[in-house]
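Welcome, and thank you for taking a look at this model. Please open the sequence and the 3D view side by side before reading on.

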Amino acid sequence: MSTESADASTHPRRTGDIADAVRQVLATYVARPIDEVRLDTQLELDLELDSFAMIETTVALETELGFSMEDVADPQDLGLVTVGDLVAYVSRRLAAPHVEDPSHARSHDR
Amino acid sequence: MPARTIAERDALARPAEAQREHERRLVADHYEHNPEIFAMVLGRELLYSTGAFLHDDDDLDTAQDRKLARVAAKLDIRESETLLDVGCGWGSILLHTAQHTSGRVWGVTLSARQREVALARAEACGVSDRVRIDLAHIDDLTLAPESVDAVVFSGSIVHMHNRESVYERVACALRPGGRLLVSDCFFPQQVRGNREGRATEYIFVTALGYCRLLSLSEELGLMERAGLDVLHVEDLTRSYVLTVNRWIDNVRRHRDRIDALAPGFAQILQTYMTIGRLSFHRRSALEYMILAVKGHPRVQVGAWPIPSSLA
(Lines give C-alpha, C1' and ligand atoms only; values in the text may rest on other atoms or scores of the structure.)
Protein backbone atom coordinates (compact mmCIF):
# COMPACT_ATOMS: atom_id res chain seq x y z
CA MET A 1 0.00 0.00 0.00
CA SER A 2 1.30 3.43 -0.80
CA THR A 3 2.18 5.82 1.97
CA GLU A 4 -0.26 8.31 0.46
CA SER A 5 -3.21 5.96 0.78
CA ALA A 6 -2.13 5.00 4.30
CA ASP A 7 -2.08 8.69 5.19
CA ALA A 8 -5.45 9.21 3.59
CA SER A 9 -7.07 6.41 5.58
CA THR A 10 -5.53 7.16 8.96
CA HIS A 11 -5.40 10.97 8.76
CA PRO A 12 -8.20 12.13 6.49
CA ARG A 13 -7.17 15.31 4.70
CA ARG A 14 -9.21 18.38 5.40
CA THR A 15 -11.04 19.85 2.42
CA GLY A 16 -8.92 22.97 2.75
CA ASP A 17 -5.72 20.96 2.31
CA ILE A 18 -7.08 19.25 -0.78
CA ALA A 19 -8.22 22.60 -2.20
CA ASP A 20 -4.76 24.07 -1.63
CA ALA A 21 -3.06 21.10 -3.27
CA VAL A 22 -5.38 21.23 -6.29
CA ARG A 23 -4.97 24.99 -6.68
CA GLN A 24 -1.20 24.72 -6.38
CA VAL A 25 -0.93 22.01 -9.06
CA LEU A 26 -3.18 24.01 -11.39
CA ALA A 27 -1.31 27.27 -10.74
CA THR A 28 2.02 25.60 -11.46
CA TYR A 29 0.67 24.02 -14.64
CA VAL A 30 -0.74 27.25 -16.07
CA ALA A 31 2.19 29.29 -14.66
CA ARG A 32 0.02 31.79 -12.80
CA PRO A 33 -0.01 32.99 -9.17
CA ILE A 34 -2.14 30.80 -6.93
CA ASP A 35 -4.40 33.81 -6.15
CA GLU A 36 -5.65 33.58 -9.72
CA VAL A 37 -6.79 30.00 -9.18
CA ARG A 38 -9.86 30.31 -6.95
CA LEU A 39 -12.61 27.78 -6.33
CA ASP A 40 -14.93 29.59 -8.74
CA THR A 41 -12.29 29.85 -11.47
CA GLN A 42 -13.37 27.92 -14.56
CA LEU A 43 -11.01 25.20 -15.73
CA GLU A 44 -11.64 25.56 -19.44
CA LEU A 45 -12.75 29.18 -19.82
CA ASP A 46 -10.38 30.87 -17.35
CA LEU A 47 -7.39 28.50 -17.17
CA GLU A 48 -7.75 27.28 -20.77
CA LEU A 49 -7.34 23.67 -19.76
CA ASP A 50 -8.40 21.32 -22.56
CA SER A 51 -8.81 17.55 -22.15
CA PHE A 52 -5.11 16.91 -22.59
CA ALA A 53 -4.17 19.56 -20.03
CA MET A 54 -6.72 18.07 -17.65
CA ILE A 55 -4.99 14.70 -18.04
CA GLU A 56 -1.59 16.16 -17.26
CA THR A 57 -2.86 17.98 -14.19
CA THR A 58 -5.02 15.15 -12.84
CA VAL A 59 -2.20 12.63 -13.20
CA ALA A 60 0.04 15.05 -11.30
CA LEU A 61 -2.67 15.32 -8.63
CA GLU A 62 -3.08 11.55 -8.42
CA THR A 63 0.64 11.21 -7.89
CA GLU A 64 0.75 13.91 -5.24
CA LEU A 65 -2.40 13.03 -3.30
CA GLY A 66 -2.64 9.29 -3.90
CA PHE A 67 -6.07 8.69 -5.38
CA SER A 68 -7.38 7.30 -8.66
CA MET A 69 -9.42 9.06 -11.28
CA GLU A 70 -12.38 7.10 -12.62
CA ASP A 71 -11.76 5.11 -15.78
CA VAL A 72 -13.15 7.61 -18.25
CA ALA A 73 -11.18 8.06 -21.44
CA ASP A 74 -12.26 11.69 -21.80
CA PRO A 75 -12.02 13.87 -18.66
CA GLN A 76 -14.69 16.15 -20.15
CA ASP A 77 -17.17 13.35 -19.42
CA LEU A 78 -16.72 14.04 -15.70
CA GLY A 79 -18.53 17.37 -16.08
CA LEU A 80 -16.04 19.37 -14.00
CA VAL A 81 -16.44 23.09 -14.73
CA THR A 82 -14.76 24.98 -11.90
CA VAL A 83 -11.71 24.46 -9.69
CA GLY A 84 -14.20 23.85 -6.86
CA ASP A 85 -15.78 21.00 -8.87
CA LEU A 86 -12.36 19.42 -9.22
CA VAL A 87 -11.65 19.83 -5.48
CA ALA A 88 -14.99 18.16 -4.65
CA TYR A 89 -14.26 15.37 -7.14
CA VAL A 90 -10.78 14.73 -5.73
CA SER A 91 -12.19 14.68 -2.18
CA ARG A 92 -14.75 12.05 -3.20
CA ARG A 93 -12.12 9.94 -4.94
CA LEU A 94 -9.80 10.15 -1.95
CA ALA A 95 -12.57 8.52 0.07
CA ALA A 96 -13.05 5.78 -2.57
CA PRO A 97 -11.12 2.47 -2.62
CA HIS A 98 -7.63 2.72 -4.07
CA VAL A 99 -6.47 0.80 -7.05
CA GLU A 100 -3.03 0.64 -5.40
CA ASP A 101 -4.42 -1.23 -2.45
CA PRO A 102 -3.71 -4.94 -3.11
CA SER A 103 -6.88 -5.89 -1.22
CA HIS A 104 -8.86 -4.16 -3.96
CA ALA A 105 -6.85 -5.56 -6.83
CA ARG A 106 -8.80 -7.84 -9.13
CA SER A 107 -7.49 -11.36 -8.84
CA HIS A 108 -7.31 -11.88 -12.62
CA ASP A 109 -4.77 -9.07 -12.88
CA ARG A 110 -2.33 -10.92 -10.67
CA MET B 1 4.77 13.72 -47.59
CA PRO B 2 4.51 16.90 -45.51
CA ALA B 3 5.40 16.77 -41.82
CA ARG B 4 2.44 16.14 -39.54
CA THR B 5 4.07 16.92 -36.20
CA ILE B 6 6.85 19.01 -34.74
CA ALA B 7 8.88 15.85 -34.09
CA GLU B 8 8.56 14.85 -37.73
CA ARG B 9 9.49 18.30 -38.99
CA ASP B 10 12.62 18.23 -36.82
CA ALA B 11 13.47 14.80 -38.20
CA LEU B 12 13.08 15.99 -41.78
CA ALA B 13 15.59 18.76 -41.10
CA ARG B 14 18.26 16.28 -40.01
CA PRO B 15 20.54 14.32 -42.31
CA ALA B 16 19.56 10.61 -42.40
CA GLU B 17 22.55 9.53 -40.31
CA ALA B 18 21.79 12.14 -37.64
CA GLN B 19 18.17 10.96 -37.49
CA ARG B 20 19.34 7.35 -37.14
CA GLU B 21 21.58 8.29 -34.20
CA HIS B 22 18.76 10.38 -32.72
CA GLU B 23 16.51 7.31 -32.77
CA ARG B 24 19.26 5.06 -31.45
CA ARG B 25 19.75 7.31 -28.42
CA LEU B 26 16.33 8.75 -27.61
CA VAL B 27 14.10 5.79 -28.45
CA ALA B 28 16.35 3.47 -26.45
CA ASP B 29 16.08 5.75 -23.38
CA HIS B 30 12.48 4.75 -22.73
CA TYR B 31 13.07 1.01 -23.07
CA GLU B 32 16.27 1.10 -21.03
CA HIS B 33 14.25 1.65 -17.86
CA ASN B 34 14.34 -1.18 -15.36
CA PRO B 35 12.56 -4.20 -16.89
CA GLU B 36 10.87 -4.83 -13.55
CA ILE B 37 8.81 -1.69 -14.22
CA PHE B 38 7.54 -2.95 -17.57
CA ALA B 39 6.83 -6.38 -16.08
CA MET B 40 4.56 -4.70 -13.53
CA VAL B 41 2.77 -2.59 -16.12
CA LEU B 42 2.52 -4.71 -19.26
CA GLY B 43 1.42 -8.04 -17.81
CA ARG B 44 2.77 -11.57 -18.00
CA GLU B 45 3.72 -11.53 -21.68
CA LEU B 46 5.65 -8.22 -21.58
CA LEU B 47 3.99 -7.19 -24.83
CA TYR B 48 4.25 -3.42 -25.36
CA SER B 49 1.52 -3.21 -27.99
CA THR B 50 -2.21 -3.71 -28.06
CA GLY B 51 -3.86 -6.92 -26.98
CA ALA B 52 -6.81 -8.37 -28.91
CA PHE B 53 -9.97 -7.95 -26.88
CA LEU B 54 -13.18 -9.79 -27.70
CA HIS B 55 -15.00 -8.51 -24.62
CA ASP B 56 -14.57 -5.31 -22.65
CA ASP B 57 -13.97 -7.24 -19.43
CA ASP B 58 -11.27 -9.56 -20.81
CA ASP B 59 -8.20 -9.32 -18.65
CA LEU B 60 -4.88 -8.12 -20.05
CA ASP B 61 -3.13 -11.49 -20.16
CA THR B 62 -6.06 -13.10 -21.99
CA ALA B 63 -6.04 -10.30 -24.58
CA GLN B 64 -2.27 -10.55 -25.02
CA ASP B 65 -2.36 -14.35 -25.35
CA ARG B 66 -5.02 -13.93 -28.03
CA LYS B 67 -2.86 -11.33 -29.77
CA LEU B 68 0.18 -13.62 -29.73
CA ALA B 69 -1.90 -16.45 -31.19
CA ARG B 70 -3.18 -14.14 -33.90
CA VAL B 71 0.32 -12.86 -34.71
CA ALA B 72 1.60 -16.44 -34.85
CA ALA B 73 -1.16 -17.48 -37.25
CA LYS B 74 -0.39 -14.52 -39.51
CA LEU B 75 3.37 -15.02 -39.46
CA ASP B 76 2.78 -18.73 -40.17
CA ILE B 77 6.32 -19.83 -39.37
CA ARG B 78 6.92 -23.42 -40.49
CA GLU B 79 9.81 -25.83 -40.14
CA SER B 80 13.25 -24.25 -40.41
CA GLU B 81 11.82 -20.90 -41.45
CA THR B 82 13.31 -17.66 -40.14
CA LEU B 83 11.49 -14.80 -38.41
CA LEU B 84 13.03 -11.35 -38.03
CA ASP B 85 11.49 -9.20 -35.28
CA VAL B 86 12.60 -5.58 -35.60
CA GLY B 87 12.08 -3.80 -32.28
CA CYS B 88 11.70 -7.12 -30.49
CA GLY B 89 11.36 -5.62 -27.02
CA TRP B 90 11.78 -8.21 -24.30
CA GLY B 91 11.42 -10.98 -26.87
CA SER B 92 7.77 -11.98 -26.43
CA ILE B 93 6.94 -12.69 -30.08
CA LEU B 94 10.33 -14.33 -30.66
CA LEU B 95 9.93 -16.67 -27.71
CA HIS B 96 6.34 -17.52 -28.56
CA THR B 97 7.46 -18.39 -32.08
CA ALA B 98 10.47 -20.40 -30.92
CA GLN B 99 8.33 -22.33 -28.45
CA HIS B 100 5.50 -23.12 -30.84
CA THR B 101 7.41 -23.75 -34.08
CA SER B 102 10.74 -25.22 -35.10
CA GLY B 103 11.70 -21.97 -36.81
CA ARG B 104 14.71 -19.78 -36.10
CA VAL B 105 14.10 -16.33 -34.70
CA TRP B 106 16.20 -13.20 -34.97
CA GLY B 107 15.43 -10.11 -32.94
CA VAL B 108 16.75 -6.58 -33.10
CA THR B 109 16.47 -3.94 -30.40
CA LEU B 110 18.03 -0.57 -29.57
CA SER B 111 18.01 -1.40 -25.85
CA ALA B 112 20.81 -3.44 -24.27
CA ARG B 113 18.57 -4.18 -21.31
CA GLN B 114 15.80 -5.53 -23.50
CA ARG B 115 18.31 -7.76 -25.25
CA GLU B 116 19.58 -9.12 -21.92
CA VAL B 117 16.07 -9.90 -20.71
CA ALA B 118 15.04 -11.49 -24.01
CA LEU B 119 18.14 -13.72 -24.05
CA ALA B 120 17.58 -14.73 -20.41
CA ARG B 121 13.96 -15.60 -21.19
CA ALA B 122 15.09 -17.65 -24.21
CA GLU B 123 17.52 -19.52 -21.98
CA ALA B 124 14.80 -20.16 -19.40
CA CYS B 125 12.46 -21.52 -22.10
CA GLY B 126 15.17 -23.78 -23.49
CA VAL B 127 15.04 -22.26 -26.97
CA SER B 128 18.22 -20.16 -26.95
CA ASP B 129 19.83 -22.30 -29.66
CA ARG B 130 17.28 -20.90 -32.14
CA VAL B 131 17.22 -17.31 -30.86
CA ARG B 132 19.57 -14.56 -31.95
CA ILE B 133 19.20 -11.00 -30.74
CA ASP B 134 21.25 -8.06 -31.97
CA LEU B 135 21.66 -4.67 -30.37
CA ALA B 136 21.24 -2.56 -33.48
CA HIS B 137 19.28 -0.03 -35.47
CA ILE B 138 17.57 -1.54 -38.51
CA ASP B 139 19.86 0.56 -40.72
CA ASP B 140 22.86 -1.30 -39.26
CA LEU B 141 21.62 -4.71 -40.34
CA THR B 142 23.03 -6.59 -43.27
CA LEU B 143 19.92 -8.08 -44.80
CA ALA B 144 20.80 -10.58 -47.50
CA PRO B 145 18.30 -10.80 -50.36
CA GLU B 146 15.66 -13.52 -49.89
CA SER B 147 17.06 -14.60 -46.52
CA VAL B 148 14.08 -14.41 -44.13
CA ASP B 149 10.55 -15.84 -44.25
CA ALA B 150 8.75 -13.30 -42.11
CA VAL B 151 9.42 -9.89 -40.60
CA VAL B 152 7.43 -8.40 -37.75
CA PHE B 153 7.27 -4.85 -36.37
CA SER B 154 5.08 -4.81 -33.27
CA GLY B 155 4.77 -1.33 -31.82
CA SER B 156 8.14 -0.43 -33.31
CA ILE B 157 7.72 0.89 -36.84
CA VAL B 158 6.61 4.31 -35.53
CA HIS B 159 10.08 4.76 -34.02
CA MET B 160 11.67 4.53 -37.49
CA HIS B 161 11.50 7.72 -39.47
CA ASN B 162 12.83 6.42 -42.75
CA ARG B 163 10.00 4.01 -43.60
CA GLU B 164 10.56 4.10 -47.36
CA SER B 165 14.00 2.57 -46.91
CA VAL B 166 12.79 0.17 -44.18
CA TYR B 167 10.13 -1.35 -46.43
CA GLU B 168 12.42 -1.53 -49.43
CA ARG B 169 15.02 -3.44 -47.43
CA VAL B 170 12.43 -5.72 -45.84
CA ALA B 171 10.87 -6.50 -49.21
CA CYS B 172 14.28 -7.38 -50.58
CA ALA B 173 15.15 -9.58 -47.58
CA LEU B 174 11.94 -11.59 -47.73
CA ARG B 175 11.88 -14.88 -49.59
CA PRO B 176 9.10 -15.40 -52.13
CA GLY B 177 5.93 -16.01 -50.13
CA GLY B 178 7.47 -14.13 -47.18
CA ARG B 179 5.25 -12.20 -44.77
CA LEU B 180 5.48 -8.72 -43.29
CA LEU B 181 3.42 -7.98 -40.18
CA VAL B 182 3.07 -4.48 -38.76
CA SER B 183 1.04 -3.79 -35.61
CA ASP B 184 1.08 -0.13 -34.67
CA CYS B 185 -0.53 3.31 -34.39
CA PHE B 186 -1.64 5.51 -37.28
CA PHE B 187 -3.12 8.93 -37.82
CA PRO B 188 -6.47 9.13 -39.60
CA GLN B 189 -5.98 10.48 -43.11
CA GLN B 190 -8.27 13.39 -42.30
CA VAL B 191 -6.76 15.50 -39.52
CA ARG B 192 -8.64 15.11 -36.21
CA GLY B 193 -7.37 17.06 -33.26
CA ASN B 194 -4.25 19.15 -32.92
CA ARG B 195 -1.14 17.24 -33.92
CA GLU B 196 1.23 20.10 -33.17
CA GLY B 197 0.08 20.62 -29.60
CA ARG B 198 1.68 19.70 -26.30
CA ALA B 199 -0.11 16.36 -26.03
CA THR B 200 1.42 14.94 -29.21
CA GLU B 201 4.81 16.32 -28.25
CA TYR B 202 4.47 14.71 -24.81
CA ILE B 203 3.93 11.22 -26.24
CA PHE B 204 6.16 11.44 -29.32
CA VAL B 205 9.13 13.17 -27.72
CA THR B 206 9.01 13.44 -23.91
CA ALA B 207 7.82 9.90 -23.25
CA LEU B 208 8.97 7.85 -26.23
CA GLY B 209 11.88 9.75 -27.79
CA TYR B 210 10.79 9.74 -31.41
CA CYS B 211 7.58 8.69 -33.18
CA ARG B 212 6.34 9.18 -36.71
CA LEU B 213 2.76 8.21 -37.41
CA LEU B 214 1.52 7.92 -40.99
CA SER B 215 -2.02 7.31 -42.14
CA LEU B 216 -2.94 3.71 -42.93
CA SER B 217 -3.12 4.39 -46.67
CA GLU B 218 0.32 6.03 -46.67
CA GLU B 219 1.81 3.09 -44.77
CA LEU B 220 0.17 0.57 -47.11
CA GLY B 221 1.33 2.66 -50.06
CA LEU B 222 4.94 2.38 -48.94
CA MET B 223 4.62 -1.39 -48.59
CA GLU B 224 3.10 -1.62 -52.05
CA ARG B 225 5.76 0.61 -53.56
CA ALA B 226 8.35 -1.77 -52.13
CA GLY B 227 6.70 -4.56 -54.11
CA LEU B 228 4.66 -6.20 -51.36
CA ASP B 229 0.95 -7.04 -51.59
CA VAL B 230 -1.35 -6.16 -48.70
CA LEU B 231 -3.20 -9.29 -47.60
CA HIS B 232 -5.11 -8.32 -44.49
CA VAL B 233 -5.72 -5.31 -42.25
CA GLU B 234 -7.59 -5.28 -38.98
CA ASP B 235 -8.56 -2.38 -36.74
CA LEU B 236 -7.55 -2.85 -33.10
CA THR B 237 -8.27 0.70 -31.94
CA ARG B 238 -10.93 -0.32 -29.42
CA SER B 239 -8.65 -3.08 -28.14
CA TYR B 240 -5.90 -0.54 -27.64
CA VAL B 241 -8.14 1.66 -25.47
CA LEU B 242 -8.83 -1.37 -23.28
CA THR B 243 -5.17 -2.43 -23.23
CA VAL B 244 -4.00 1.02 -22.17
CA ASN B 245 -6.72 1.06 -19.52
CA ARG B 246 -5.14 -2.02 -17.93
CA TRP B 247 -1.64 -0.53 -18.21
CA ILE B 248 -2.76 2.66 -16.47
CA ASP B 249 -4.34 0.61 -13.67
CA ASN B 250 -1.05 -1.26 -13.28
CA VAL B 251 0.95 1.97 -13.14
CA ARG B 252 -1.35 3.19 -10.36
CA ARG B 253 -1.13 -0.07 -8.49
CA HIS B 254 2.67 -0.10 -8.58
CA ARG B 255 3.32 3.65 -8.50
CA ASP B 256 5.46 3.56 -5.35
CA ARG B 257 7.64 0.72 -6.60
CA ILE B 258 8.05 2.31 -10.05
CA ASP B 259 9.03 5.61 -8.47
CA ALA B 260 11.53 3.84 -6.22
CA LEU B 261 13.17 2.31 -9.32
CA ALA B 262 12.92 5.42 -11.52
CA PRO B 263 11.81 8.64 -9.82
CA GLY B 264 9.18 10.46 -11.88
CA PHE B 265 8.74 7.68 -14.43
CA ALA B 266 5.34 6.53 -13.12
CA GLN B 267 3.93 9.99 -13.81
CA ILE B 268 5.38 10.06 -17.32
CA LEU B 269 3.97 6.60 -18.06
CA GLN B 270 0.55 7.40 -16.69
CA THR B 271 0.35 10.77 -18.44
CA TYR B 272 1.41 9.56 -21.87
CA MET B 273 -0.80 6.47 -21.63
CA THR B 274 -3.83 8.50 -20.52
CA ILE B 275 -3.33 10.97 -23.37
CA GLY B 276 -2.94 8.02 -25.74
CA ARG B 277 -6.10 6.40 -24.44
CA LEU B 278 -8.04 9.61 -25.10
CA SER B 279 -6.62 9.83 -28.64
CA PHE B 280 -7.66 6.27 -29.46
CA HIS B 281 -11.02 6.78 -27.75
CA ARG B 282 -11.63 9.80 -29.99
CA ARG B 283 -10.08 7.99 -32.95
CA SER B 284 -7.66 10.86 -33.50
CA ALA B 285 -5.15 7.99 -33.46
CA LEU B 286 -5.89 4.50 -34.79
CA GLU B 287 -4.42 1.07 -34.22
CA TYR B 288 -4.08 -1.45 -37.03
CA MET B 289 -2.45 -4.81 -37.64
CA ILE B 290 -1.33 -5.17 -41.25
CA LEU B 291 -0.22 -8.33 -43.05
CA ALA B 292 1.55 -8.05 -46.40
CA VAL B 293 3.17 -10.71 -48.56
CA LYS B 294 5.88 -10.96 -51.16
CA GLY B 295 4.58 -12.85 -54.16
CA HIS B 296 2.05 -15.63 -53.74
CA PRO B 297 0.47 -15.93 -50.29
CA ARG B 298 0.49 -19.34 -48.65
CA VAL B 299 -2.39 -18.62 -46.28
CA GLN B 300 -6.02 -18.37 -47.33
CA VAL B 301 -7.22 -15.18 -45.68
CA GLY B 302 -10.74 -16.09 -46.81
CA ALA B 303 -10.69 -18.78 -44.12
CA TRP B 304 -10.16 -16.21 -41.35
CA PRO B 305 -11.14 -15.35 -38.56
CA ILE B 306 -8.28 -17.39 -37.28
CA PRO B 307 -9.65 -20.21 -35.07
CA SER B 308 -6.96 -19.76 -32.42
CA SER B 309 -7.94 -16.10 -32.08
CA LEU B 310 -11.40 -17.13 -30.88
CA ALA B 311 -10.10 -18.99 -27.85
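What follows is a short tour of chain A, chain B and the places where their parts meet.

This is a predicted model, in which local features need pLDDT of at least 70 and side-chain atom pairs count only at pLDDT 80 or more, while totals for chains, interfaces and linings use all residues. Residues are numbered from 1 along each chain as its sequence is written, with chains lettered from A and ligands numbered from 1 in the order in which they are written.

**Chain A**

Chain A has four helices and zero strands. Helices (H or I, at least four residues) and strands (E, at least two) are DSSP runs, numbered from the N terminus. Read from the N terminus, the elements of chain A run α-α-α-α. Of the 110 residues in chain A, 33% are buried. Here a residue is buried if 20 or more other C-beta atoms lie within 10 Å of its own, exposed if 12 or fewer, and partly exposed in between, with C-beta atoms placed from the backbone.

Two residues are in contact if their C-beta atoms, placed from the backbone, lie within 7 Å. Taking the contacts in chain A between residues at least 6 apart in sequence, 70% join residues at least 24 apart.

**The nonpolar core**

A nonpolar core is a set of buried Ala, Val, Leu, Ile, Met, Phe, Trp, Tyr and Cys residues joined through C-beta atoms within 7 Å. The largest one has 114 residues, and A:Val22, B:Val152 and B:Leu180 have the most contacts inside it. Setting aside neighbours within four places in sequence, A:Val22 is in contact with A:Leu61, A:Val83, A:Leu86, A:Val87 and A:Val90.

**Two helix pairs**

Axes are lines fitted to C-alpha atoms, for helices over the stretch in contact, and angles run from 0 to 180 degrees between N-to-C directions. Angles under 35 degrees count as roughly parallel, over 145 as roughly antiparallel, 65 to 115 as roughly perpendicular and the rest as oblique. A crossing is left-handed if the near helix is turned anticlockwise from the far one by less than a right angle, and right-handed if clockwise.

In chain A, helix α2 (residues 15-30) packs against helix α4 (residues 83-95) at an angle of about 125 degrees, with the axes 9 Å apart. That angle makes α2(A) oblique to α4(A). The crossing of α2(A) and α4(A) is right-handed. Among the residues making this contact are A:Ile18, A:Val22 and A:Leu26 of α2(A), together with A:Val83, A:Leu86 and A:Val90 of α4(A). By class, the contact has nine nonpolar, two polar and one charged residues. Ala, Val, Leu, Ile, Met, Phe, Trp, Tyr, Cys and Pro count as nonpolar, Asp, Glu, Lys and Arg as charged, and the others, Gly among them, as polar.

In chain B, the axes of α10(B) and α12(B) come within 9 Å and cross at roughly 160 degrees. These two helices, α10(B) and α12(B), are therefore roughly antiparallel to each other. Their crossing is left-handed. The residues in contact include B:Tyr240, B:Val244 and B:Trp247 of α10(B), and B:Leu269, B:Met273 and B:Phe280 of α12(B). The contact of α10(B) with α12(B) has 10 nonpolar, six polar and one charged residues.

**Where the chains meet**

In all, 21 residues of chain B are in contact with 17 residues of chain A. On the chain B side, α8 (198-207), α10 (237-253), α11 (255-261) and α12 (265-282) each give two or more residues. The most come from α12(B), with nine residues. This side of chain B has six nonpolar, seven polar and eight charged residues.

**An enclosed helix**

Helix α5 (residues 92-100) of chain B is largely enclosed by the rest of the structure, because seven of its nine residues are buried. Among the buried residues of α5(B) are B:Ile93, B:Leu94, B:Leu95 and B:His96. Their cover includes α4 (60-75), α6 (112-125) and β1 (82-86) of chain B.

**Three loop residues**

| Residue | Loop | C-beta neighbours inside 10 Å |
|---|---|---|
| A:Met69 | between α3 (51-65) and α4 of chain A | 21, buried |
| A:Ala31 | between α2 and α3 of chain A | 6, exposed |
| B:Ser80 | between α4 and β1 of chain B | 11, exposed |

Not counting residues up to four places away in sequence, A:Met69 touches A:Thr58, A:Glu62 and A:Arg93. Phi of A:Ala31 is near 55 degrees, a positive value in a residue other than glycine. Phi of B:Ser80, also positive, is near 65 degrees. Most residues other than glycine have a negative phi.
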